[in-house]
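Here's a quick briefing to read alongside the model. Have the sequence and the 3D view open as you go.

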Amino acid sequence: MTVSSGSAGWYLRRLSRMGPREVGGRAGDAVRRRRWRSAPPNCPRVTGARFTAVLPAGTFAAVPPDAAKRLIAEADRLLAGHVEYFGVVRDDLVDPDWWQDPKTGRRAPWGYAFDVPYRNEDAVGDIKQIWEPSRHQYLTVLAAAYAITGDERYAERVAEHLRLWWAANAPLHGVHWISGIELGIRLLSWVWIRRLLDGWPGVAGLFEDNPVALNQIWHHQRWLAAFPSRGSSANNHVIAEAAGQFAAACAFGWFPSSARWRADALRSLERHLRGNTFDSGLNRELATEYHGLVLELGLAAVAEADAADTPVPASIRLVLLRMTDALAAVVDNRLRPPRQGDADDGHGLIVDGAGTDRWASLLATGDAVFGRLAWWPVVTGTDVRTTLLAALIRPYSAEATAPEVTRPESRPAHFADAGMTILRGPEEIWCRCDGGPHGFLSIAAHAHADALSVEVRHDGVDVLADPGTYCYHGQPEWRQYFRSTLAHNTLQLDGVDQSVSGGPFLWTRHARSRVLVADTSAADDGGTARWGAEHDGYQGSVHRRRVELKATSRELRVVDEVRGPNRAMQLAFHLGPAIAADLAGSRAMLTWTRDGEERSAELDLPGELNWRAHRGEMDPPLGWYSPGFGRKEPTTTLVGTGPADAAALLVQFTTVLRFHG
């Protein structure tokens, strides 16, 4: 069933997931929006503003040459007007239309910001395509290119586009004044643009001596102070809002309210960083890309605090330390993290060119700021951002800052609070097992119905793959598919999801999972690593799954068990896009190439089910893989169907994946 996010039913379902405090806060927001329509706040007069949060001398000389080369190549593409957002190649960035969606050709309407129906693609277009350029992260790339080369063409383009944007997007009008995460990330971009252009003669006239810029900066901060994400929406959005507000209040502390904004944003950041993060260090949304986004935002906020000599609670650095150690723990041998939950390619700060590895960059920054542990994977790539952040952030000393903190002595493999377990085998076999909560907060906005799913890689190649996300708004059938149970490597009963969707970012009933066993140590000694879990998403039935990874035989065994009445079953295994499959009966031969070398495996499927291969099917969708937001490609999905024995209250079947030597 496709569920609209604009119907009366959706609003009722959404309201049902809010507590009294959130309802009261949102009612106050509605009153303020009505008041601002006729009596908007006014920016106070500012005199004597100066920017002092500059990078230390010699910072850019420390940027690795290959990282600088990638950055400059990217900046040159941008200067020529070429960019790609979410699978759409654009050549209009010399003179962009800030409200135009190039994918649908639609243009967002002008008017009071809170009247714009941004969730309605028929009226507005693809909102992600419209919002992304106005995060101004392409301008941070151009500004970084200026800082490294001194070529004023980059600085002049940045200044031209900022002035055009400010003129076209008056405060509280249009589509760019609707979402707090957009305002927060945009403020962070402006802080870095000002910092990176510091050597350019026109930079003061662009920022602190420019009444238009001051008005925009003030209104962004006033908006964020008035309309924070609340209650069931206080996920990664509130982190972006607080980080952007804090960064601007530190670096652009030119207004009467700056000290209050800075203090309030810091309190919010500290509270929500803790609230959004498990004690193990994994992000509570259980959506890996948002782990990366929150970590980037947190590091950027700490950089601003240290640049402004503003103390931050020790808990903030501790959360970021734990997040970094957790990231180091879960990546595979190619530094790829799990593909779990939603992913929209969102970044906190971009100053690097195409080809820079995001996760290697975060681990490199973690090494510079916190120090790497002996078990961390080796990072061989380079980036620009690590050099810039490390120039501002004071090195962390757990002994001095939080002496009670202990970091893992060996690589963690089981994260009990997040329900994530990583099984590792020989020849770089990597398997993620999911027995965790169904997302974060009452709406679990970025969760997928993927309880007990597995994700398997061999030397970094997706063998049994998580499908990804593909889209958010505008294509409800695809949004529904990519987060469905059938789209994941798990078992579906009676053709329905384990959890109940109430909209594209709303789940009204959450499957509850619990891990029964997680023994990951045996594989280190050539033995067998084991994991087991169950969930109650199908009322009246319990799905239990056991996974064993045998190191000596390079064999992964998955045993599924269903307790309860007879129900129709669909067991799905989604192969990665690099995998070719030859299915004969209940056996599939898998082949692929890695670094020019032929690899293979065989997948023995339960003979109790009838197996078919699906690839790139449209109605309904099945057999798809999304390598990034807005992009999808066909892949092979193996689905076994069949009713259980009508008399049985316990059904069990086994799948075996054997990797060849």
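Helices and strands here are DSSP runs, with at least four residues for a helix and at least two for a strand, numbered from the N terminus. With that in hand, F86 sits in the loop between β1 (83-85) and β2 (88-90). Keep in mind that this is a predicted model.

**Overall build**
- The protein's secondary structure adds up to 18 helices and 25 strands.
- Its radius of gyration is 25 Å, close to the 26 Å that the globule rule gives for 661 residues, so the protein is as compact as a globular protein of that length.
- Along the principal axes, the C-alpha atoms fill a box of roughly 80 × 55 × 50 Å.
- Of the contacts with a separation of 6 or more, 72% are between residues 24 or more positions apart.

**Surface and charge**
- The protein exposes about 24400 Å², and carbon and sulfur atoms supply 50% of that.
- There are 72 positive and 78 negative side chains, and the centres of the two sets lie 6 Å apart.

**Inside the protein**
- Buried residues make up 59% of the 661 residues.
- In soluble globular proteins, nonpolar side chains tend to be buried together.
- The largest nonpolar core here has 144 residues, and V175, W190, L197, F207 and F252 have the most contacts inside it.
- Looking past its neighbours within four places in sequence, V175 is in contact with W99, A108, V116, V124, I127, I130 and W131.
- Another core lies apart from that one; it has 39 residues, among them Y538, V558, L603 and V651.

**A look at H574**
- H574 belongs to strand β15 (residues 568-574).
- Is H574 buried or exposed? H574 has a relative accessible area of 2%, and under 20% counts as buried, so H574 is buried.
- H574 and A487 are 87 residues apart in sequence, yet their C-alpha atoms are 7.5 Å apart in space.
- Leaving out residues up to four places away in sequence, H574 touches a list of residues including V463, Y481, H488, N489, L622 and T636.

**Backbone oddities**
- D619 and P620 are joined by a cis peptide bond, with omega about 0 degrees.
- P620 is in the loop between β20 (617-618) and β21 (621-622).
- F86, the loop residue from the start, has a positive phi near 55 degrees without being a glycine, and at 9% relative accessibility F86 counts as buried.
- L172 also has a positive phi, near 70 degrees, and is a residue other than glycine.
- L172 lies in the loop between α7 (152-168) and α8 (180-196), and L172 is buried, with a relative accessible area of 4%.

Terms used. Residues numbered from 1 in each chain as written. Heavy atoms only, no water. Rg over C-alpha atoms; globule rule 2.2 N^0.38 Å. Buried < 20%, exposed > 50% of the residue type's maximum accessible area, 1.4 Å probe, protein only. Contact = heavy atoms within 4.5 Å. Areas by Shrake-Rupley, 256 points an atom, 1.4 Å probe, with all protein chains shown as cover. Lys, Arg positive; Asp, Glu negative; His and termini not counted. Charge placed at Lys NZ, Arg CZ, Asp CG, Glu CD. Core = buried A, V, L, I, M, F, W, Y, C linked by side-chain atoms within 4.5 Å.
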